[in-house]
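Open the model in your viewer and keep the sequence panel beside it. The stops below start at the ligand and then move along the chain.

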Amino acid sequence: MTDPAATPRFITLEGLEGAGKSTAMAFVREWFESRGETVLCTREPGGTPLAEELRAVLKAVRDEPVAPSTELLLMFAARAQHVERVIRPAMAEGKVVVCDRFTDSTRAYQGAGRGLSMATIDQLAEVAHADCNPELTLWLDVPVALGLERAASRESADRFEQETLAFFERVRHGFEALATREPARFRRVDATRPLAEVRARIEAELEATHGR
Ligand code: TMP
């Protein structure tokens with residue numbers, strides 16, 4: 001019999017701002033903890049002191065326009081540090097790692113949103129986290145207007161949240177494209193549904209991929 005703790009478990013949550021990723025993360029955590037697993041919940045950009053500093057740099061509203069390639073490299077700088085210092089060690093200890101956003105956000109925001117090359121993003125992913133990739137990604141999908149309305153009600157707009165509706169529509173299409181490209185890993189969850197239904201859907205996905 002294989003020891004499930006010996007199998008690395010890395011799950012990511014994706015979606016627009018206001019999609020309900022934090023609530024979904026709590027559902028994932030509880031599902032694994034009820035099975036006796038130790039779960040590490042973390043987020044991107046961020047997850048280490050240095051990466052959290054880069055998060056603040058990335059989110060700050062500033063007069064100087066940020067070049068898309070600068071944004072891209074800062075995202076991957078934060079990610080490389082996070083993977084090396086937090087994600088890999090936790091997986092090596094047998095923990096389940098659940099991360100709020102990962103490289104699929106870069107594909108959606110910097111790729112589809114800003115128009116940077118997917119091939120370049122894949123090359124940088126290879127540098128930053130080569131063989132360290134999620135085996136399951138839950139995409140909390142909401143229409144742009146609903147997501148932004150939810151996000152606006154809880155905090156003042158950061159540099160990303162000040163983007164245009166057209167930008168967020170491109171980002172949502174970017175996520176859609178990922179669901180088409182990798183249907184087994186990248187699973188769409190309709191986040192407009194009542195919370196109990198969202199939870200049941202997430203648990204069904206976990207049961208299918210990580211149940212035993
Ligand atoms: P949030 O996770 O609190 O929503 O904030 C992170 C912001 O950074 C969000 O607007 C999405 C954006 N982002 C990217 O543009 N690319 C990335 O690779 C990641 C991880 C986040």
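Select arginine 55 together with the ligand: a polar side-chain atom of this residue lies 2.8 Å from an oxygen atom of the ligand. The ligand is covered by the protein over 94% of the 480 Å² of accessible area that it has on its own. Keep in mind that this is a predicted model.

Next, add glutamate 17. One of its polar side-chain atoms is 2.6 Å from an oxygen atom of the ligand. Then add arginine 79, where an N or O atom in the side chain is 3.1 Å from a ligand oxygen atom.

Now show the whole shell around the ligand. It has 13 residues, and those that come nearest are Glu17, Arg55, Arg101, Thr106 and Gln110. Colour the shell by residue type: four residues are nonpolar, three are polar and six are charged. If your viewer can draw pockets, the largest pocket is the space taken by the ligand.

Which helices should be selected around the ligand? Select α2 (49–59), α3 (68–92) and α4 (103–113), each of which supplies at least two residues of the shell. Among the contributors, α4 gives the most, with four residues.

Stay by the ligand and pick arginine 101, one of the residues that come nearest to it. Arginine 101 belongs to the loop between β3 (96–100) and α4. Is arginine 101 buried or exposed? It counts as buried because its relative accessibility is 11%, under the 20% cut-off. Its backbone is also worth a look: phi is near 75°, a positive value in a residue other than glycine. Most residues other than glycine have a negative phi.

Move to the loop between β2 (39–43) and α2, and select proline 45 there. The peptide bond that joins glutamate 44 and proline 45 is cis, with omega at about -15°. Most peptide bonds are trans.

For the last stop, go to the loop between α4 and α5 (118–129) and select arginine 114. This residue has a relative accessible area of 22%, so it is partly exposed. Add proline 68 to the selection and draw a line from C-alpha to C-alpha: arginine 114 and proline 68 are 6.5 Å apart in space, although 46 residues apart in sequence.

How values were computed. Residues are numbered from 1 along each chain as its sequence is written. This is a predicted model: local features need pLDDT of at least 70, side-chain atom pairs count only at pLDDT 80 or more; totals for chains, interfaces and linings use all residues. Side-chain values use heavy atoms; hydrogens and water are left out. A residue is near a molecule or strand if one of its heavy atoms lies within 4 Å of it. A polar contact is a pair of N or O atoms within 3.5 Å; within protein, one must be able to donate a hydrogen and the other to accept it, and residues adjacent in sequence count only if both atoms are side-chain atoms. Accessible areas come from the Shrake-Rupley method with a 1.4 Å probe; for residues, only the protein chains shown count as cover. On a 1 Å grid over the protein atoms alone, a cavity is a set of points where a 1.4 Å probe fits but cannot get out, and a pocket is an open set with protein on both sides within 12 Å along at least five of seven lines; lining residues have an atom within 4 Å of a point. A molecule sits in a cavity or pocket if more than half of its atoms lie within 2 Å of its grid points. Ala, Val, Leu, Ile, Met, Phe, Trp, Tyr, Cys and Pro count as nonpolar, Asp, Glu, Lys and Arg as charged, and the others, Gly among them, as polar. Buried means under 20% relative accessible area, exposed over 50%, partly exposed in between (1.4 Å probe, protein chains only).
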